[in-house]
Structures are given as C-alpha cells and as structure tokens.
Amino acid sequence: MSTTQQSTGLVAEALRNDPRVAEAKRLLLEAVGEHAAKINDVKTASPELADPYQNLLDEYGQMRGGNLYFPYLASGIGNGPFVELANGSVKLDFITGIGVHGFGHSDPRIVEAGIDAALNDTVMHGNLQQGTISYDFVKSMLAIANQSNAGLDHCFLTTSGAMANENALKIAFQKHAPATRTLTFEKCFAGRTLALAQVTDKAKYRDGIPKAIDVDLIPFFDHEDPQGSTRRCVQAIRHHAHRFPGQYANLWLELVQGEGGYYPGSKDFFRAIITEAKKHDMAIIADEVQSFSRTTRPFAFQHFELDDLVDIVTVGKITQVCCTIYRDSYKPRPGLISQTFTGSSWAMLAGKAIIEGLVDSGHYGPEGRNVKLHDQFVAGIKRIEEKFPGSLKGPYGIGGMVAFTPFKGSFEEAKDLVMKMYHRGLLSFMAGGNPTRVRFLMPLGCTTEAHIDQALQILETCVGEMAASA
Ligand SMILES: Cc1ncc(COP(=O)(O)O)c(C=O)c1O
C-alpha cells in the first residue's frame with residue numbers, strides 16, 4: 001500500500017482529500033482533455049506562424065550555442081502520440097525524446113501526476129530531503145525489478161541516465177578495488193560524462209577530453225552467427241582478462257544496443273559471456289536506460305532471463321527518474337554516492353504511473369502489447385521493402401524498439417529519410433553508424449494499431465520518393 005494512501009491524520013492528507021482540490025483537479029483534467037481532443041491527426045504548420053516560429057528557432061539556436069536537431073518547439077499540448085508544435089503543426093511522435101514520453105503527450109494520468117506534484121511542498125527531492133513520493137517510487141521500482149526474484153535490494157535515484165551509470169561504475173569500482181578497468185561492447189553507448197564517454201564507443205564523443213578510465217572492447221552478438229559470435233566474445237573476455245589479470249572491475253552490458261542501432265543480444269550469448277566474466281571476478285552491470293520497458297518484460301535482463309546474474313542495473317528515460325539498482329553485496333560505503341537532486345515530485349509521480357501503467361495494461365509477456373505493436377510495425381516495414389526492394393533492411397529491433405537500415409545504410413540516406421518523415425509529420429531518429437539506421441520509439445502506453453498504420457503510410461510515401469529519385 002502506498003504511504004500516500006494510508007490514513008495518517010496529516011495536514012498533507014487533509015489537503016489531498018480537500019473537496020476543492022478534487023474539484024479543481026476535475027476541472028483541470030476536463031479542460032486539458034477537451035483541448036487535447038482537438039489534436040488527433042498530423043497537420044502542417046499555420047502559414048502565419050512560419051516567420052515568428054523561425055525567429056524563435058534561430059534565437060534559441062543562438063542562445064544554446066547550436067541549432068536544434070529538428071525544428072521542433074512544442075506548444076505544450078498534445079494527445080497521445082500526437083504533439084502540437086508552436087508553429088501550429090501536429091506531428092505523430094514515434095521518437096518521444098528518444099524514449100521518454102511513455103504515455104505520449106497530455107495523457108490524463110501524467111497531467112494528474114503534475115497537479116498532485118504541484119501541491120507538494122517542494123519541486124525537487126534530494127540528499128537531505130526525500131519525501132513519501134520518493135519512497136513510493138523506489139518501492140515500486142524494486143518490486144518490478146524483483147518480479148522474478150533477482151535479489152536486487154537497493155535503488156538509488158538520480159536525474160539522468162548518465163548519472164545513474166556513473167553511480168553504477170563507482171559502486172562497481174569500489175567493490176572491486178584495486179581493479180580499474182571496464183570491459184564493454186563495441187558500438188556501446190553509456191552516456192557522455194567524462195568516464196562514460198570512455199565506455200561509449202564513439203571517438204567524437206571523446207574528442208578533446210582526457211582519458212578518465214581504462215576501457216577495453218569486446219564484440220557484440222551477431223544475429224547471423226549466434227554461436228560464432230558468442231565464441232568470439234567469450235574468447236575476447238578471456239584474452240583481456242589474461243592480459244590484465246585481476247584488473248577488470250566490471251563487464252558493462254547494453255543488452256539491446258540502442259544508439260548502436262537496435263541490436264538485441266540473446267539469452268545464451270549473455271549467459272555465456274557473463275559466466276566467463278564471473279570467472280575473472282567482474283561485476284555485471286546492465287545499462288537499461290534505453291531498453292527498459294520495451295521488451296517482453298519490464299527489464300531486458302528479465303527478458304533475457306539474467307535475473308540471477310546481474311549485479312547492478314540502471315534505468316532512465318521512460319522512468320522519468322533515473323535509477324541505479326544493485327545487490328546488497330554491492331552496497332557502497334557512505335560518501336560514495338549522494339546528490340542535491342534525486343528527482344522532481346512530478347517526475348517521480350509520473351514515472352511511477354508509467355511503469356505501473358505498462359505492467360497493468362498487458363504490455364508484457366510473449367503475447368503482450370509490446371510484441372503485438374512490434375509485429376504489426378515490422379510486418380508493415382517488410383511490405384514496404386517488398387514494394388521497394390532494398391529500401392528497408394532488417395534486423396528490425398525488438399519490442400518497442402523498432403529500426404531498419406534504409407537503402408545502403410549511408411548516413412545521408414538515413415538522415416534524408418528521417419527529415420522527409422519529419423516534414424510529412426512523423427518523428428523518428430537515426431541510430432548506429434556503418435550502417436546508419438532509422439529508429440522508432442513509439443509511446444507504448446498510447447500507441448494504437450491505427451497510429452502504426454498512419455506511421456507506415458508516411459514511411460511508405462517517403463521511401464517511394466527516395467526510390468523514385470535513386
Ligand atoms: C543505453 C544508454 N545509456 C545511457 C544513456 C544516457 O542517458 P542520459 O542522456 O539521460 O544521460 C543513454 C541515452 O541515450 C542510453 O541510451
């Protein structure tokens with residue numbers, strides 16, 4: 001039972017139960033719902049807003065030190081996967097800030113969480129001042145993480161995926177001191193702090209910054225050669241461990257490569273390489289900042305049945321608040337991790353609504369909604385590939401992470417397609433390099449079959465244009 005639902009006699013409870021609050025909330029939700037309902041299809045920009053919008057974009061680009069990737073400035077309202085921009089256009093949002101808005105835009109559950117948060121005494125929770133809201137979020141996250149008895153005892157909150165990962169690294173290093181090295185996959189992305197830029201396998205993210213930690217790379221799973229790639233990866237771990245005996249503190253696993261291009265590993269692959277890593281006393285860290293909530297289970301480590309093997313797991317994005325979840329045996333000594341901000345009231349209330357909402361509404365399981373949405377989307381992508389052979393190659397990702405390689409997989413082709421879709425009203429983004437892929441992270445909690453059909457229509461039109469001009 002949530003602490004906020006117990007009868008306590010507290011003033012806070014009296015405020016929450018005040019009939020005026022209930023009425024104000026009802027009116028606000030009604031107003032948002034009524035206005036949001038007007039946004040129910042893709043729409044082009046209002047001509048009269050074109051110039052002022054461009055001025056906003058130019059000025060914003062100037063202030064932030066670089067133009068925005070998309071000419072996207074939200075007006076502040078949407079409806080499910082549809083979002084209104086400040087130029088009056090409406091987009092079908094199948095990227096959601098790279099996987100953040102799990103229920104899309106202006107969802108009543110999230111608006112309600114915001115109203116509740118606004119009644120809370122502070123905006124932020126942090127090291128000295130946590131609230132029952134933080135307690136409820138952590139309790140919920142740990143319950144989900146331990147659905148299959150993983151034995152993950154603790155959950156530390158923070159405000160970004162990178163910070164959750166930074167805390168994971170510190171916890172692992174402290175436990176395995178004096179080991180100082182990290183092993184991770186080629187093409188892995190872990191964030192952009194000084195340390196995580198070393199874990200991330202992309203040279204330009206380390207351009208001009210000093211080396212913070214020692215990282216060595218191992219090959220990822222190859223779906224075209226499962227056994228061979230597993231053997232090669234195990235051998236690579238063995239090779240590194242013999243080269244630097246006792247110096248690896250952790251094996252860093254991105255179970256579904258996200259920025260790398262939406263490539264999942266497999267249960268057998270992960271079990272084999274973890275078994276090898278454990279022989280060399282490495283902590284097993286699963287970075288689920290992007291993959292959380294998108295497979296057949298809330299956590300990808302559950303999907304791949306690694307509950308007994310992971311020591312530290314990180315989540316972020318769709319959870320709104322980011323977390324480092326870890327076994328008791330990894331509990332850091334006092335002082336290692338602490339923060340002024342662990343999250344805002346709204347982020348925690350909304351995050352809890354999203355993670356519990358997906359669990360409660362049939363998204364998981366081998367026949368759950370995540371799989372159904374994926375299958376429908378991928379079947380449509382394959383139909384487009386049949387119509388325009390060589391246009392959209394697999395693999396197509398997993399669950400709520402859908403991707404393909406457009407044409408020959410050049411950066412230019414992928415960007416051209418993403419931008420064409422943007423201008424026709426569908427939001428996507430690129431991933432990976434060599435080949436460059438196009439990805440979708442639809443808002444799982446509100447995407448319907450009709451939304452996917454509409455996305456496929458736009459995709460097909462844009463692919464057709466590209467095929468015609470090739
Ligand atoms: C797998 C993974 N880890 C870490 C991060 C970093 O998260 P954030 O951008 O919230 O710092 C990301 C962001 O894309 C990610 O995909």
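Author: A polar contact is a pair of N or O atoms within 3.5 Å. With that in hand, let's walk through this predicted model.

Reader: Happy to. What makes the pair formed by Gln290 and the ligand a polar contact?

Author: A polar side-chain atom of Gln290 lies 2.8 Å from an oxygen atom of the ligand. The cut-off is 3.5 Å, so the pair counts as a polar contact. Lys317 also brings a polar side-chain atom, 2.9 Å from a ligand oxygen, while Gly161 uses a polar backbone atom, 2.8 Å from an oxygen of the ligand. The protein covers 81% of the 390 Å² of accessible area that the ligand has on its own.

Reader: Which residues come nearest to the ligand, and which helix gives the most to the shell?

Author: Of the 13 residues around the ligand, the nearest are Gly161, Ala162, Asp287, Gln290 and Lys317. Helix α7, residues 161-176, gives the most, with three residues. By kind, the shell divides into four nonpolar, five polar and four charged residues.

Reader: Let's turn to Thr314. Why is Thr314 called buried?

Author: Buried means under 20% relative accessible area, and Thr314 has 0%, so the word applies. Thr314 sits in strand β12, residues 312-315. Leaving out residues up to four places away in sequence, Thr314 touches Ala164, Asn165, Ala168, Ala286, Asp287, Glu288, Val289, Cys323 and Thr324.

Reader: And what makes the pair of Thr314 and Asn165 a polar contact?

Author: Their side chains are joined at 2.7 Å, and the limit for such a pair is 3.5 Å. The contact of Thr314 and Asn165 therefore qualifies.

Reader: Now the charged pairs. How do you know that Arg26 and Glu23 form a salt bridge?

Author: The closest N and O atoms of Arg26 and Glu23 are 2.9 Å apart, and a salt bridge needs a side-chain nitrogen of Lys or Arg within 4 Å of a carboxyl oxygen of Asp or Glu. The pair therefore meets the rule. Both residues lie in helix α2, residues 19-36, three residues apart, about one turn of the helix. By this rule the count comes to 22 salt bridges.

Reader: Why are Arg26 and Glu23 called partly exposed?

Author: Partly exposed covers the range between the 20% and 50% limits. Arg26 has a relative accessibility of 41%, so Arg26 belongs there. Glu23, with 36%, does so too.

Reader: What does the salt bridge of Asp216 and Arg181 tie together?

Author: The side chains of Asp216 and Arg181 meet at 2.9 Å, N to O. Asp216 lies in strand β7 (residues 214-218) and Arg181 in strand β6 (residues 181-185), so the pair ties together parts 35 residues apart in sequence. Arg181 and Asp216 also belong to a network of salt bridges with Lys211 and Asp214.

Reader: Are Asp216 and Arg181 buried or exposed?

Author: Buried: Asp216 has 12% relative accessibility, under the 20% limit, and Arg181 has 10%, which also puts Arg181 under that limit.

Reader: What makes the contact of Asp308 and Arg271 a salt bridge, and where do the two residues lie?

Author: Their side chains meet at 2.9 Å, N to O, and the cut-off is 4 Å, so the name fits. Asp308 lies in the loop between α11 (300-303) and β12, and Arg271 in helix α10 (residues 267-279), so this pair ties together parts 37 residues apart in sequence. Asp308 is partly exposed at 47%, and Arg271 is partly exposed at 26%.

Conventions. Residues numbered from 1 in each chain as written. Predicted model: local features only at pLDDT ≥ 70, side-chain atom pairs only at ≥ 80, totals over all residues. Heavy atoms only, no water. Helix = DSSP H or I, 4+ residues; strand = E, 2+ residues; numbered from the N terminus. Buried < 20%, exposed > 50% of the residue type's maximum accessible area, 1.4 Å probe, protein only. Polar contact = N/O pair within 3.5 Å; in protein donor to acceptor, adjacent residues only side chain to side chain. Contact = heavy atoms within 4.5 Å. Near = heavy atom within 4 Å. Areas by Shrake-Rupley, 256 points an atom, 1.4 Å probe, with all protein chains shown as cover. Nonpolar A, V, L, I, M, F, W, Y, C, P; charged D, E, K, R; others polar.
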